[in-house]
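Reader: I am new to this structure and would like to understand the reasons behind the terms used for it. Could we go through them one by one?

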Amino acid sequence: MTRRLVVGVDIGNSTTEACVAAVSGDSVEYLGTALTHTTGVKGTPDNTDGAVSAVRRALDRAGRTESEVETVLLNEATPVISGLAMETISETIITESTMIGHNPATPGGEGLGVGTTVAIDALSGASGPTIAVVGPGWDFDDVATELNAATERGLEVVAAVLAHDDAVLVVNRLRTPIPVVDEVGAVEKVPLGMRAAVEVAPPGRTIRTLSDSYGLASVFELDPDQTKHVSPVARALTGNRSAVVVRTPSGDVTDRRIPVGTLTLRGAGKTLQVDVDAGAEAIMEVLGRVQPLDDATGEAGTHVGGMLAQVRDTMTDVTGQPAAEIRIRDVLAVDTFVPKEVRGGLAGEVAPENAVALAAMVRTSRSRMQVVADEVAAALGCRAEIGGVEGEMAVRGALTTPGTAVPIAVLDLGGGSTDAALLDRDGVCSAVHVAGAGELVTKLIGSELALDDREQAEAVKRHPLAKVESFFHVRHEDGTVQFFPEPLPSHVFARVVTMTPEGPAPVATRHSVDHVRRVRREAKRKVFAVNAVRALKQVAPGGSLRMLDFVVLLGGSALDFEIPDLIADALAGYGVVCGIGNVHGSEGPRNAVASGLVDAHVAGA
Amino acid sequence: MTEKPAIVLRHTGYADPAVLREVCAGAEEEGVPTRVEQVREAGAVALAHAAALESPLETGIGIDGSGGVAVHHASLPPDGPVQRVEAGSPRPDLRIAGRTAARIVKVLPLS
């Protein structure tokens, strides 16, 4: 019998996979696989380039040539476009430079000093308890000399605020040590001639007086009304090792909710509105009441409105469908926080602000995969056809995982969407796509850790963490210690790093390994564990996860070192067998659709 | 050994005294003591490495005759210092050299 060469190609949101097989009769021998980036939006003619190069690479690996290929099989893919938006819903504002609440690495002295703010070159005219304010350009020796001289004249210098990182140097040269806060970048904005307090806690401690409402009331002799007014200041300073509070006539710290507009969700014959600043839980609750979702719109002129409009526009460009016909079919809202520089801060203070991240997804029925098939056929000089629908093919591929049986559900953990498909005992297949996947995880990690570099956020998502503890060893996040025979570069010394295949890469953060790890795992849980349950409920018989027996994880994120565990944890209560797909017992979670296409072709031939 | 823990700083005595002052200030602001030794002329890196071998904290700083600075750790290869600051660099950079040495001792990120 002749052996025919068949190539299955799976065009996904972010990757295109190809799988070469030699077929004779009903026996299939898999020869090689390859993976490339998807070109263009899935389901559009732009996919041709990626598909052709994936086929060529797979042939290369299999040691075969294009002329031997009989048929290329493509999946019928629903174009799914996802969009992301982040809305900050709270904001901290300091007016009239009321406080400085930052954590310089090395403040000087300890204790609390309460007095009137005076510029250092005006100390000679001052009287009473005084807080010296020192601008940039002052040398530490001169500052110490000036303060010592003032004290000698009988002036009661109780504290100091410095522009440079000089606090320890100055305090070491004073005859009477005082608390000193340094690295105050905008020191020139500190109001002079005002009553103020400076507090520095001993190493390993946080301030006690200025972070307490009654502490502030005692220091500034406030009445109950005024005390109510300053309580946000106390809250903002909690957890700091040092702080400065200046009492200005109308100074204030406000913790403001920003109105961010509403989201309108339409489905199940209802139209409901929800305020985005109500948070993720409220949004998802309303979404649950309008399932299945027909469309979602955001209030014009707000971020949400802008984001949803943009997703719609992209889909219009891609499919040629008018914007009015494009519907947003799913939304995922996630509560998060974004460290934001405090408005009006003098030392680059950062406050964690609440935010809501939204992922939205559109799909159309109008796939243009036939165009891709025709173009692939022309490029490779062979037959190319649409071999089957994505979800069905994925299930078919997943079923080749040892230990699985029908009914089987697959969860495809992608970049833009999380997809679920179910094959029941009667051979009926159903599939859903829900918004939110790997891209959203990267975005959450990046914003919560304030990483300005997307690559770094991606590295935090993909690789375990470690702390570099010397030039020759790191401590991994699980506590194991690894020695390196060659010295580690100094730019990673003492840093939190991601253990990439190329070696430790620094994460630009002052947070501990534990904190970064928590942010990473929470981001994955909030997206994938939540979506796994959401998607499976939509395909499970009667919406009950207990009716599922086998759940197979597929897609790039199924290769992640902890996402499968997080999903297994989330599903543990439902008595489901959940594990990572191992297509054909050897391919792992990749290539399920591509090899499913080949298998379907052989079975149908 | 009764030697007090300190970063050892070796210099040749020829460089501008301001260089020595700023480098020492960098370590002092971080709260780590330094011990200053005047030795015969050599390159900053060699001085720093010899100083590191001498230091109970295994951390050394070298300042050569022209005011170039190097920071070294005893466990590192002699020609691979942690940091070098060129002669004639502005004061804040010199301050950072001292800070780097102190941060090696405290196991804090260097920048």
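**Reasons behind the terms**

Author: The model is predicted, and a good place to begin is helix α3(B), whose buried residues are Leu94(B), Arg95(B), Ile96(B), Ala97(B), Gly98(B), Arg99(B), Thr100(B), Ala101(B), Ala102(B), Arg103(B), Ile104(B) and Val105(B).

Reader: Why is α3(B) called largely enclosed by the rest of the structure?

Author: A residue counts as buried if 20 or more other C-beta atoms lie within 10 Å of its own. Of the 16 residues of α3(B), 12 are buried, and therefore the helix is described as largely enclosed by the rest of the structure. The elements that cover these buried residues include β1 (7-11), α1 (17-29), β3 (59-63), β4 (69-73) and β5 (83-85) of chain B.

Reader: How do you know what span to expect for α3(B)?

Author: The expected span is 1.5 Å times one less than the number of residues. For the 16 residues of α3(B) this gives 22 Å, and the helix reaches 23 Å from its first C-alpha to its last, which is close to that expectation.

Reader: What makes Val107(B) worth a remark, and is it buried or exposed?

Author: Val107(B) has a positive phi, near 50°, although it is a residue other than glycine, and it takes this value just after α3(B), in the segment that follows residues 91-106 of chain B. A residue is exposed if it has 12 or fewer other C-beta atoms within 10 Å; Val107(B) has 12, so it is exposed.

Reader: Why is Glu221(A) called exposed?

Author: Set against that cut-off of 12 or fewer, Glu221(A) has 9 C-beta neighbours inside 10 Å and therefore counts as exposed. Glu221(A) is found in the loop between α4 (213-220) and α5 (224-237) of chain A, and it too has a positive phi, of about 50°, although it is not a glycine.

Reader: Why is Gly65(B) called partly exposed?

Author: The term applies in between the two limits, 12 or fewer for exposed and 20 or more for buried. Gly65(B) has 15 other C-beta atoms within 10 Å, so it is partly exposed. Gly65(B) lies in the loop between β3 and β4 of chain B, and, leaving aside residues up to four places away in sequence, it touches Thr12(B), Tyr14(B), Ala15(B) and Glu41(B). Gly65(B) and Ala15(B) are 50 residues apart in sequence, yet their C-alpha atoms are 4.9 Å apart in space.

Reader: How do you know that β24(A) and β25(A) pair?

Author: Two strands pair if at least two bridges are found between them. Strand β24 (residues 465-468) and strand β25 (residues 473-476) of chain A have three bridges, in the antiparallel sense, and Ala466(A) has His476(A) as its bridge partner in β25(A). A hairpin of four residues joins β24(A) to β25(A).

Reader: What makes β26(A) a partner of β25(A) as well?

Author: Set against the requirement of at least two bridges, three bridges join β25(A) to strand β26 (residues 481-483) of chain A, and these strands run antiparallel. The bridge partner of His473(A) in β26(A) is Phe483(A). β25(A) and β26(A) also form a hairpin, with four residues between them, and Gly479(A) in the turn has a positive phi of about 100°.

Reader: What makes a set of residues a nonpolar core, and how many residues has the largest?

Author: A core is a set of buried residues of nonpolar kinds joined through C-beta atoms within 7 Å. The largest has 128 residues, and those with the most contacts inside it include Val7(A), Leu74(A) and Ala420(A). Helix α12 (residues 513-539) of chain A gives the most to this core, with nine residues. Apart from it lies another core, of 86 residues, among them Val133(A), Leu147(A), Ala197(A) and Ile61(B).

Reader: How do you know that chain A touches chain B, and how many residues are in contact?

Author: Contact requires C-beta atoms within 7 Å, and 15 residues of chain A are in contact with 15 residues of chain B. On the side of chain A, the largest share, three residues, comes from helix α3 (residues 167-172) of chain A. By class, that side has eight nonpolar, three polar and four charged residues.

How values were computed: Residues numbered from 1 in each chain as written. Chains lettered and ligands numbered in written order. Predicted model: local features only at pLDDT ≥ 70, side-chain atom pairs only at ≥ 80, totals over all residues. Helix = DSSP H or I, 4+ residues; strand = E, 2+ residues; numbered from the N terminus. Contact = placed C-beta atoms within 7 Å. Nonpolar A, V, L, I, M, F, W, Y, C, P; charged D, E, K, R; others polar.
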